[in-house]
Amino acid sequence: MPRPTAAQLAYGSCTVIFSTLAMLLLSQTSSGLGIALITVSALALGLLVAMTVPLPRTAPPSAAPAARPEPRRVSVRREPVSAGVDPVREPTAS
């Protein structure tokens, strides 16, 4: 089982805290059973939010690397090479 990421922990914790406060303020309950029910439902909601945060995508090990654009093909015009002997160039005296 993979470990939760920092984003999952942060979103889940914030959801638990804010949903607990909101439900307690809106319901104005003071009984122990009401507070326990709100707490359990806030924890369930926080767990749901934490598990639905998208995970970073990793490529499977057998997947091919990302498609690279094909190199542009350049037509090269080739000059025929003569079989004769070229004259040797000697440096000139300066």
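**Exercise 1.** Which residues are exposed on the other side of H2?

*Solution.* The model is predicted, and the chain has two helices and zero strands. Begin with the residues of H2 that are buried, namely Gly34, Ile38, Ala42, Gly46 and Ala50. Because these residues cover an arc of only 130° around the axis, they lie on the same side of H2. On the other side of H2, the exposed residues are Gly32, Leu33, Leu37, Val40, Leu47, Leu48, Met51 and Thr52. To finish, ask what the buried residues of H2 face: they pack against helix H1, which comprises residues 6-27.

**Exercise 2.** Work out whether the distance between the end C-alpha atoms of H2 agrees with the span expected of the helix.

*Solution.* Helix H2 runs over residues 32-52 and has 21 residues. The expected span is 1.5 Å times one less than the number of residues, so that H2 should span 30 Å. The end C-alpha atoms of H2 are 30 Å apart in the model, which agrees with the expectation.

**Exercise 3.** Decide whether Thr15 is buried or exposed, and list the residues that Thr15 touches beyond four places away in sequence.

*Solution.* Thr15 is placed in helix H1. Its relative accessibility is 17%, and since buried means under 20%, Thr15 counts as buried. Leaving out residues up to four places away in sequence, Thr15 touches Thr20, Leu45, Gly46 and Val49. Of these contacts, Gly46 also appears among the buried residues of H2.

**Exercise 4.** State what share of the chain is buried and what area the chain exposes.

*Solution.* Of the 94 residues in the chain, 13% are buried. The chain exposes about 9200 Å², with carbon and sulfur atoms supplying 65% of that area.

Terms used:
Residues are numbered from 1 along each chain as its sequence is written. This is a predicted model: local features need pLDDT of at least 70, side-chain atom pairs count only at pLDDT 80 or more; totals for chains, interfaces and linings use all residues. Side-chain values use heavy atoms; hydrogens and water are left out. Helices (H or I, at least four residues) and strands (E, at least two) are DSSP runs, numbered from the N terminus. Buried means under 20% relative accessible area, exposed over 50%, partly exposed in between (1.4 Å probe, protein chains only). Accessible areas come from the Shrake-Rupley method with a 1.4 Å probe; for residues, only the protein chains shown count as cover. The arc is that of the directions from the helix axis to the C-beta atoms. Contact means heavy atoms within 4.5 Å.
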